[in-house]
Amino acid sequence: MGTCRAPLTPLLCVLLPQFDPGNTGYISTGKFRNLLESHSSKLDPHKREVLLALADSHADGQICYQDFVNLMSNKRSNSFRQAILQGNRRLCSKALLEEKGLNLSQRLIRHVAYETLPREIDRKWYYDSYTCCPPPWFMVTVTLLEVAFFLYNGVSLGQFVLQVTHPRYLKNSLVYHPQLRAQAWRYLTYIFMHAGIEHLGLNVVLQLLVGVPLEMVHGATRIGLVYVAGVAAGSLAVSVADMTAPVVGSSGGVYALVSAHLANIVMNWSGMKCQFKLLRMAVALICMSMEFGRAVWLRFHPSAYPPCPHPSFVAHLGGVAVGITLGVVVLRNYEQRLQDQSLWWIFVAMYTVFVLFAVFWNIFAYTLLDLKLPPPPW
């Protein structure tokens, strides 16, 4: 039998083993319900509701003691998830949104839950277990770095609007340039270079308004995975589809997050209870379209340093492709292990095949096609 690690309910941790004198690891659902009801005043209401759902979902009359321990220590085992998904859920009819007397931080957490999660049970679980430790550091850190590099470049170049038109812009060692594609770090570091303040502004707004709430719910690891995968896919897509163009900006990562979030809303439309969700989707799509339109216009605008063209817009499309594949799976499976999801492995395999294809393309295709590349930016 598991050791209790639930400091919020010491009484139940002491009493539960008494209902399993044989140390079998299981207790009667009837005794379990009686125990919950007799000590309901000492339990958090959200956890009590989910515990009752756990009891109601076991038709065989027994509950695994470890499921209780996992729940109270904020861990959900596979058997517990299946019990909730397949069993008869016993949830309070009062939605989280209707609860009164919440302070400012509690209302913020509730708002984030309704913005990102489609199921009430997940929203209550998130609201109950979120501690803001660690805070959403990944998206904030990336954003601050992007702003810092932009300001530094603005001062050094003496130009903040359309920095990319400055003759010395591409000499920065962070920009992806087709002549320097052997320098592997450029496939990622190009996100810290933006074409101008209008480029940076739209990307920062999108990744803060969408990325930070997503990270609060799904954590830095998952959101960082989607973001970095979108960044890498963006530069690799350019190296395959727009071979003579450089790449700058964080649009690949931003579009991966935003497209994954929008796809998740569409796929779970009836369950998403966020206010003005249609208006929010429209605003996000308008912002993405404006930024993409700016990138297309700039790509075909006469270059300030021919024969090298302006940065490519294909990175945006690479980010979208990652968002509606890998990203959707990551956001859909809240608090569930991705390695248990078959669809996750399918998309990981697809992404791996694409990366390998792009690597070999970069090694051989440029020579075989006898492509004339712009000179290196020395």
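I started with one ion pair: the side chains of R294 and E291 form a salt bridge, with N and O 2.8 Å apart. The model is predicted. I asked why these two can meet: they sit 3 residues apart in helix α12, so about one helical turn separates them. I then looked up their exposure, and both R294 and E291 are buried.

Next I counted such pairs. The structure holds 3 salt bridges.

I took E115 and R280 next. Their side chains form a salt bridge at 3.6 Å, N to O. This pair links distant parts of the chain, with E115 in helix α6 and R280 in helix α12, 165 residues apart. I noted that E115 is buried at 13% relative accessible area. R280 is partly exposed at 37%.

Then I checked D242 and R299. Their closest N and O atoms are 2.9 Å apart. D242 lies in the loop between α10 and α11, R299 lies in helix α12, and 57 residues separate them. D242 is buried at 11% relative accessibility. R299 is buried too, at 13%.

I moved on to a helix pair. The axes of α10 and α14 come within 10 Å and cross at roughly 35 degrees. The crossing is left-handed. Among the residues in contact I found L225 and L236 of α10, and W344 and F354 of α14. I sorted the contact residues into 15 nonpolar, 2 polar and no charged.

Last, I looked at the whole chain. I counted 14 helices and 2 strands. Buried residues make up 53% of the 378 residues.

Technical notes. Residues numbered from 1 in each chain as written. Predicted model: local features only at pLDDT ≥ 70, side-chain atom pairs only at ≥ 80, totals over all residues. Heavy atoms only, no water. Helix = DSSP H or I, 4+ residues; strand = E, 2+ residues; numbered from the N terminus. Buried < 20%, exposed > 50% of the residue type's maximum accessible area, 1.4 Å probe, protein only. Axes fitted to C-alpha atoms, helices over the stretch in contact; angles between N-to-C directions. Left-handed = near helix turned anticlockwise from the far one by under 90°. Contact = heavy atoms within 4.5 Å. Nonpolar A, V, L, I, M, F, W, Y, C, P; charged D, E, K, R; others polar. Salt bridge = Lys/Arg side-chain N within 4 Å of Asp/Glu carboxyl O.
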